[in-house]
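Got your viewer open? Take a seat, load the model, and follow along one selection at a time.

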Amino acid sequence: MPASRDDFIIAIRSAFLKKNVKQKFSLLTLVFLSIFIIILSGVNFTPIKKIKVFINEIVYRSSFIVSMPENLIKNSYLKIKEYSNFYSDYGYNKIELKELKSENISSEIVKSENKELKELIEDYTITKDKILAKVIVDHQSPFLKTVIINKGTADKIKIGTNIYDRSYLVGRVIEVNYKSSRVLLLSDLNSNIPISITPGNIQAIITGNGKNLGEIKYTKDNLIENIEDKSIAYTSGTGQIFKSGIPVGKFSIIDKKILVNFFSDFTQLKYIFAEVESDVQKKPDSDIKDFNNSKSLTNTEKIKLNLLNEQIVILNDSNSKLIKKNKFLNSETNQLNQKNLDLQSKVNTQAEKIEKINNDNAELDFLKLNLIYSSKCQKTIFKKGYKVGSKEYRECILNKGKK
Amino acid sequence: MINYRRNFFFNKTYAWLPIIILYISVLNEFDLNYLNIEYFSFNFPFILIFYFSLKAYSNFDYLLVFLAGLINDTVIGLPLGLSSLSYMLACIFASYLRNMTIRPHLIKDWFYFLFVISLINSITYSILFLFFSYDLDNMFYVINNLFTFLLYIPISYIFSLYLKGTNA
């Protein structure tokens with residue numbers, strides 16, 4: 001028993017402390033060094049932060065270079081996949097384009113109204129510059145969904161900067177270096193997004209599920225049952241983490257499970273937009289605010305008036321066309337009525353004529369039969385019959401002499 | 001002379017190949033994620049580090065493994081030093097097994113490897129959850145663990161072929 005314990009202790013000691021010929025450090029030293037670095041990385045200390053930024057810059061660039069062959073294979077694979085779906089995508093896009101065109105006008109009004117309301121809520125103006133950034137590393141680990149972009153503090157990017165793919169929200173910056181930054185994607189488990197859901201104006205918080213989808217983490221007043229399939233989620237701006245009104249995704253209900261399909265495909269990110277903000281002087285004076293509001297109001301009203309004028313012109317045009325058509329149809333109806341009356345009178349005269357002819361024909365037949373059967377039906381001194389011209393005589397003649 | 005130099009360069013590269021592959025794998029994270037196979041992921045560096053530590057490969061410098069861990073943390077975005085600690089623990093456990101075992105057996109190594117990666121992933125998860133307040137999906141860790149465990153045998157077979165090549 002003591003011998004086996006000795007073996008165990010010897011094995012442990014040699015595992016921790018024994019150095020091979022080429023090893024410069026023992027494993028125990030390196031373990032302590034790792035723990036020391038972990039503690040240091042948790043401490044907000046400027047020299048360490050600078051060293052970290054320096055390491056990040058080198059590692060991100062190296063990772064970008066090393067990833068090139070794999071990215072080439074990956075991109076070729078995705079391109080082939082894209083080509084195979086090309087025709088079906090084309091048909092789908094065509095239908096979608098038609099729908100979008102019709103929605104465009106109303107969205108313009110909503111946009112201007114939105115801008116106006118935003119300016120009413122916030123007492124400062126923000127100039128927004130979206131800068132284009134390239135995704136240099138997109139190793140989406142199953143544990144953390146992040147990407148690295150080639151813009152950093154040198155390009156006015158700071159922690160919390162909102163990141164977009166076209167106009168869709170992608171995530172926000174969580175780590176900034178001089179010429180690179182790390183973006184936490186919406187699909188990450190650690191990302192919480194305050195959203196509004198339309199229709200219904202339901203307030204909720206969604207979080208990534210780690211698999212390119214989102215899930216509802218919290219809904220105000222348990223309104224989860226009110227969420228419909230294909231409802232749209234956009235940022236509510238609560239907590240000022242994300243700007244309000246940015247499209248996030250569409251809801252889909254699969255087996256009573258509510259999931260958010262993000263508008264942007266995070267696996268296909270190549271270039272993204274970072275919203276660099278610079279606060280322009282605060283405008284606390286109500287006069288300036290009113291002036292801005294009135295200015296924005298006039299802009300909104302202008303757009304509305306233009307659209308209404310256009311609608312009036314279209315309506316007038318269609319109205320005059322309808323009046324013309326109406327007149328033409330009226331005259332045509334009159335003509336047809338007249339024709340109808342003429343034809344009716346014609347029919348009547350012809351019917352009379354036919355009746356007369358029929359009567360004549362009947363009389364002619366009677367006369368013909370009278371010539372033949374008058375002797376049979378006529379009343380004489382020696383024979384019983386009917387008086388000529390009576391109704392019975394006529395019937396007798398028509399019955400060919402039968403009484 | 002040229003031929004000798006070429007051979008020398010080739011031999012050197014071949015001898016340092018595990019470390020080169022380790023650095024490529026931590027910089028590139030080749031885990032076939034883009035195939036979008038649900039839940040599929042595995043930790044290649046763990047297999048490589050455990051295998052070569054177990055075999056006490058002479059060119060497998062622990063300091064370089066430690067640095068590879070730091071690079072991995074930077075690329076993935078984990079707190080600096082966490083992967084280094086995981087890699088060092090993998091080296092320690094492999095080294096302990098090597099010292100304790102007289103007659104090595106692949107299946108025994110394989111199950112010991114499962115214990116080691118489970119323990120290391122638990123430590124990593126605990127540190128991230130308790131000290132850095134990360135939200136993590138347990139299922140990912142379990143499946144990553146499982147695939148790493150399953151892929152140990154085929155990958156160790158390839159590594160054994162490599163080691164045979166170095167001895168030849």
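**A stop in a loop**

Start by selecting Ser133(B), which sits in the loop of chain B between helix 6 (106–131) and helix 7 (138–167). Keep in mind that what you have on screen is a predicted model. Is Ser133(B) buried or exposed? Count 8 other C-beta atoms within 10 Å of Ser133(B), and the cut-off for exposed is 12 or fewer, so Ser133(B) is exposed. Now look at the backbone: phi of Ser133(B) is near 50°, a positive value, and this residue is not a glycine.

Next, select Ala56(B), in the loop between helix 3 and helix 4 of chain B. Ala56(B) has a positive phi of about 50°, and it is not a glycine either. With 12 other C-beta atoms within 10 Å, Ala56(B) is exposed.

**Zoom out to chain B**

Select the whole of chain B and switch to the cartoon view. How many helices and strands are there in chain B? You should find 7 helices and 0 strands, and following the sequence gives the pattern α-α-α-α-α-α-α. Chain B has 168 residues, and 39% of them count as buried. Take the contacts in chain B with a separation of 6 or more: 67% of them come from residues 24 or more positions apart.

Color by confidence while you are here. The mean pLDDT of chain B is 84, and 89% of its residues score at least 70.

**A helix pair inside chain B**

Now select residues 17–28 of chain B, which form helix 2, and residues 44–54 of chain B, which form helix 3. Two packed helices are described by the angle between their axes and the distance between the axes. For this pair, the angle is about 160° and the axes are 10 Å apart. That angle makes helix 2 of chain B roughly antiparallel to helix 3 of chain B. Their crossing is left-handed.

Show side chains to see who takes part:

- From helix 2 of chain B, pick Pro18(B), Ile21(B), Leu22(B), Ser25(B) and Val26(B).
- From helix 3 of chain B, pick Phe44(B), Pro45(B), Leu48(B) and Phe52(B).

What kinds of residues make up this contact of helix 2 of chain B with helix 3 of chain B? The split is 8 nonpolar, 1 polar and no charged.

**Across to chain A**

Keep helix 2 of chain B selected and add helix 3 of chain A. These two pack at an angle of about 100°, with their axes 8 Å apart, and they are therefore roughly perpendicular to each other. On the chain A side, click Ser62(A), Ser63(A) and Val66(A); these meet Ile24(B), Leu27(B) and Asn28(B) in helix 2 of chain B. The residues of this contact divide into 3 nonpolar, 3 polar and no charged.

Stay on helix 3 of chain A (residues 46–66), and swap the partner for helix 4 of chain B (residues 62–76). Here the axes come within 10 Å and cross at roughly 85°, which makes helix 3 of chain A roughly perpendicular to helix 4 of chain B. Highlight Ile55(A), Asn56(A), Val59(A) and Ser63(A) on one side, and Ile71(B), Thr74(B) and Val75(B) on the other, to see the contact. It holds 4 nonpolar residues, 3 polar and no charged.

**A look around chain A**

Select all of chain A. Its secondary structure comes to 7 helices and 12 strands. Of its 403 residues, 20% are buried. Among contacts in chain A between residues at least 6 apart in sequence, 57% join residues at least 24 apart.

Bring back the confidence colors. Chain A has a mean pLDDT of 79, and 82% of its residues reach 70 or more. Which element of chain A has the lowest mean pLDDT, and which the highest? Helix 1 (residues 2–17) has the lowest, at 66, and strand 5 (residues 181–185) has the highest, at 88. Where pLDDT is low, the predicted coordinates should not be read in detail.

**Last stop: a tyrosine**

Finish with Tyr164(A), found in strand 3 (residues 162–165) of chain A. Tyr164(A) is partly exposed, with 18 other C-beta atoms within 10 Å. Leaving out residues up to four places away in sequence, Tyr164(A) touches Lys130(A), Leu169(A), Val170(A), Ile272(A), Phe273(A) and Glu275(A). Now try a distance label to Tyr271(A): the two residues are 107 apart along the chain, and their C-alpha atoms are separated by 9.3 Å.

Technical notes. Residues numbered from 1 in each chain as written. Chains lettered and ligands numbered in written order. Predicted model: local features only at pLDDT ≥ 70, side-chain atom pairs only at ≥ 80, totals over all residues. Axes fitted to C-alpha atoms, helices over the stretch in contact; angles between N-to-C directions. Helix = DSSP H or I, 4+ residues; strand = E, 2+ residues; numbered from the N terminus. Parallel < 35°, antiparallel > 145°, perpendicular 65-115°, else oblique. Left-handed = near helix turned anticlockwise from the far one by under 90°. Contact = placed C-beta atoms within 7 Å. Nonpolar A, V, L, I, M, F, W, Y, C, P; charged D, E, K, R; others polar. pLDDT = per-residue confidence, 0-100.
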